Amino acid sequence: MLVTSRSYDEYVAMFGLTRLELSGRVLDCSAGAAGFAAAAADQGCRVVAVDPAYALDRQELARLGNEDLVRGSAIAAAHPDRFTWAWFGTPERRGELRMRALARFLLDLVRHPSRYVAGQLPQLPFRDEGFDLVICSHLLFTWADTLGRAWHLAALREMARVGREVRVFPTVLQGAGDPVPFWHELMADLADAGLRAETRTVDYEFQLGADQMLVVTSAG
Ligand SMILES: C[S@@+](CC[C@H](N)C(=O)[O-])C[C@H]1O[C@@H](n2cnc3c(N)ncnc32)[C@H](O)[C@@H]1O
């Protein structure tokens, strides 16, 4: 799996984040080398980032993050039919944003190591409802060809346990952006678990067709 470094601006767009939401307690789950937590904290957000990769040392994280910058650009160049530059403008702008986000993440990791917690779905090391909002970018659904329905249900329930609201982006598979094969069953599973789920279109699209987030809240 990749350790990517999406930027704060991408996160705000992917999750439709408002200033009010960013003033609460936010968990970036599967945060990787994203620059979101560092930038949000600078603006007063009480933010925590969790990822199994935080068990690695900083040099290794920097290596993985840099490796992905190169790999991500190569994938976009090799499959122009799968991406739109409407949000980024140009490949250069994307590269610049991602590089700056990686640098910001690595610096923040040194300055505020406690913000970055090693942990992984479907069992997070946090108390019930410790966060107002849990956001999860490019883990669920992206890898739905290998992580199955039961895993997705467990992961969503776990995020809904630690946060009052969960937002997941995107809602399609990596690659050609195919729909999630078990989507309808999973939505029924969530309802059975007492969770309300809805999709919302957002102002962000890079992988073609990936312009929706799933929002999960308690039905009670
Ligand atoms: C494609 S990256 C996304 C990183 C970041 N959210 C972004 O959008 O740039 C996927 C991340 O999921 C993390 N990951 C893999 N398995 C996980 C799990 N079971 N629970 C939480 N995170 C996981 C990986 O370590 C990796 O950093």
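Visitor: How many residues line the largest pocket, and which lie nearest its centre?
Guide: In this predicted model, 39 residues line the largest pocket. Nearest its centre are Leu 2, Thr 4, His 138, Thr 142 and Trp 143.

Visitor: What volume does the largest pocket have?
Guide: About 830 Å³.

Visitor: Which helices each supply at least two residues of that lining?
Guide: Helix H3, residues 58–78, and helix H4, residues 91–111, each do that for the largest pocket. The largest share comes from H3, with four residues.

Visitor: And how does the lining of the largest pocket split by class?
Guide: You get 21 nonpolar residues, twelve polar ones and six charged ones around the largest pocket.

Visitor: OK, switching pockets. How much space lies in the second largest one?
Guide: The second largest pocket holds about 150 Å³.

Visitor: Which residues line the second largest pocket?
Guide: Here's the full set: Ser 7, Tyr 8, Asp 9, Gly 35, Ala 39, Leu 97, Arg 100, Ala 101 and Arg 104.

Visitor: Which helix gives the most to that lining?
Guide: H4 does, with four residues in the lining of the second largest pocket. Helix H1, residues 8–14, also supplies at least two. H4 turns up in both places, as it supplies at least two lining residues to the largest pocket and at least two to the second largest.

Visitor: What about classes in the second largest pocket, how many of each?
Guide: Its lining divides into four nonpolar, two polar and three charged residues. Asp 9, Arg 100 and Arg 104 are the charged ones in that lining.

Notes. Residues are numbered from 1 along each chain as its sequence is written. This is a predicted model: local features need pLDDT of at least 70, side-chain atom pairs count only at pLDDT 80 or more; totals for chains, interfaces and linings use all residues. Side-chain values use heavy atoms; hydrogens and water are left out. On a 1 Å grid over the protein atoms alone, a cavity is a set of points where a 1.4 Å probe fits but cannot get out, and a pocket is an open set with protein on both sides within 12 Å along at least five of seven lines; lining residues have an atom within 4 Å of a point. Grid points are joined across faces, edges and corners, and a volume is the space filled by probe spheres set on the points.
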